[in-house]
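Please open the structure in your viewer and keep the selection tool at hand. The tour goes from one selection to the next and says what is found at each stop.

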Amino acid sequence: MDSTSPAKENNHDKGSSLELDNGQSAPSPISKMIAVASIAAGVQFGWALQLSLLTPYVQTLGVPHAWASFIWLCGPISGLLVQPICGYYSDRSTCRFGRRRPFIFFGSLAVAISVFLIGYAADLGHSLGDDITKKTRPRAVAFFVLGFWILDVANNMLQGPCRAFLADLAAGDEKKTRTAMGYFSFFMALGNILGYAAGSYSKLHNWFPFTETEACNVFCANLKSCFFFSIILLAVLAGTALIIVEDKPMEKHMVSDDDDMQVSCFGEMFGAMKELKRPMWILMLVTCVNWIAWFPFFLFDTDWVGHEVYGGVAGEPAYDNGVRAGSLGLMLNAIVLAFMSLAVEPLGKMVGGIKRLWGIVNFILAIGLAMTVVITKIAEQERQLSGGATIGNPSEGVKISAMLFFAVLGIPMAITFSVPFALASIYCSASGAGQGLSLGVLNLAIVVPQMFVSTLSGPWDALFGGGNLPAFIVGAVAAVISAILAMVMLPSVKPDDEAKVKLGGSFH
């Protein structure tokens, strides 16, 4: 998931991407900001494919459902380590090609390498001796895991420098900075929608007939084809931005000789924890519990549709149909999320503050996750009554209910991706703490529960007979707890303070 780089927003005297602007006296034209922000669409297109298709795909290679979640440990780990490091060192880079462009170039190259490894994992494994008649293909799994981890690292390698590049182009102009970040969020939403739409289309492999091979079935071929589009889109957008947008390198005399003696971004971040006031600690607690609620959804959303709703088994057509339906649901989720992002601020005023809004939508999240049990039981009953005739094709009522589940969760998701960061900004301003470091500390409350869920959700599901419902139930309980904590324990915020913070959806 996305992590806020403490380096890129650091308010230290040296190394800040806003303060050390290499003498840029005026903001760049909006067209250049749009060119850089558009890279987010390419990044998010691939991330949407990762969220919707890769948990199902790794199961077709023979990885048991109980172990599939372990692969996702790379997300929070890379979010915690890679993005802060890239932000920190890109702030201080004296490379002649600029501070941000080298990270964007090599990040894009790493994305291309990773999706090749993922898409061709089955073929590479078969060429090295995997028996495709057996359920488990260990060599293919090895290539898949390698590509998966590289992809997560590459995505995080791109995110921080892209945002910092936009801040550089705004040259310290607050209005331009807010506008640039708004474009960034817009293109991330667009990439989400396009990625989920591609994942839901069953005949994309017909555009690339060579993708279907002896070792790679139709589902695998569609995955390859989606990733081909991902590479093309990212290459065009990143290439355009790198060519037309100037990135002035940091002049060596602007980097202090004492920089080597300064603590790293992690030293600054953990040092900042000692200075946190009680409101920030409470916010971190609520955020941590809230992400225990959310991460099972991110891990198993399309897998739930394929297994529980459509009644399929990984690798079979019924399961593949369900996964594509889940991708369509995620596209609806992304559309609702995009529109809800525009309504966060007025809704906060309507219900009496953004902390109360966060509490209310967490109850919506809890109800939504609990409804997966109802939808699953109805689908199972239909299959029993029909003698299995509805496997791969549940009733319209079940299909609509599943789609509504995805769409409704776009409402609390928009709040989750904006309100905690707004509250962190407000609490930090009140205490005099640095904005960037405090947001970096808040990121710990996001990635730590992701590690927790990635490690325990698979074995927890297996303990109750397999499937995705046990993790969703834990998520529903966590959502109720986070709702109560948000409404009862979080300090109230003055309307004037809320008005100073731009509220809007963020992604990834």
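Select Asp-130 to begin: at 3% relative accessibility, Asp-130 counts as buried, a word used here for under 20% relative accessible area, with exposed for over 50% and partly exposed for what lies in between (1.4 Å probe, protein chains only). The model is a predicted one, in which local features need pLDDT of at least 70 and side-chain atom pairs count only at pLDDT 80 or more, while totals for chains, interfaces and linings use all residues. Residues are numbered from 1 along each chain as its sequence is written, and side-chain values use heavy atoms, with hydrogens and water left out.

Now add Arg-139, which forms a salt bridge with Asp-130, the closest N and O atoms being 3.2 Å apart; the term stands for a side-chain nitrogen of Lys or Arg within 4 Å of a carboxyl oxygen of Asp or Glu. Unlike its buried partner, Arg-139 counts as partly exposed, at 37% relative accessibility. The structure holds five salt bridges, and two others are visited next.

Select Asp-168 and Arg-100, whose salt bridge has its closest N and O atoms 2.7 Å apart. Asp-168 lies in helix H7 (residues 138-170) and Arg-100 in the loop between helix H4 (74-91) and helix H5 (101-119), so the pair ties together parts that are 68 residues apart in sequence. Helices here are DSSP runs (H or I, at least four residues; strands are E, at least two), numbered from the N terminus. Asp-168 is buried at 5% relative accessibility, and Arg-100 is buried with a relative accessible area of 0%.

Move to Glu-380 and Lys-377, a salt bridge with 3.7 Å between the closest N and O atoms. Being three residues apart in helix H14, Glu-380 and Lys-377 are separated by about one helical turn. Glu-380 counts as partly exposed at 27% relative accessibility, and Lys-377 is also partly exposed, with a relative accessible area of 46%.

For the surface, select Leu-285, Ile-360, Phe-363, Val-480, Ile-484, Met-487, Val-488 and Met-489, which form a nonpolar patch with about 620 Å² of accessible area together. Such a patch joins nonpolar side chains (Val, Leu, Ile, Met, Phe, Trp, Tyr) within 5 Å, from residues with over 30% relative accessible area and no salt bridge, while like charges are joined within 9 Å; the areas come from the Shrake-Rupley method with a 1.4 Å probe. Helix H14 (354-385) and helix H18 (469-488) each give two or more residues to the patch, and H18 gives the most, with four. Val-488 lies in helix H18 and counts as exposed at 64% relative accessibility.

The last stop is inside. Which residues line the second largest cavity? Select Leu-53, Ala-198, Gly-199, Tyr-201, Phe-219, Asn-222, Leu-223, Cys-226 and Arg-324 to see that lining, around a volume of about 60 Å³. A cavity is a set of points on a 1 Å grid over the protein atoms alone where a 1.4 Å probe fits but cannot get out, and lining residues have an atom within 4 Å of a point; its volume is the space filled by probe spheres set on the points, which are joined across faces, edges and corners. Helix H8 (174-200) and helix H9 (218-244) each supply at least two residues of the lining, H9 giving the most, with four.

Notes
1 Å grid on protein atoms, 1.4 Å probe; cavity = no way out; pocket = protein on both sides within 12 Å on 5 of 7 lines; lining within 4 Å.
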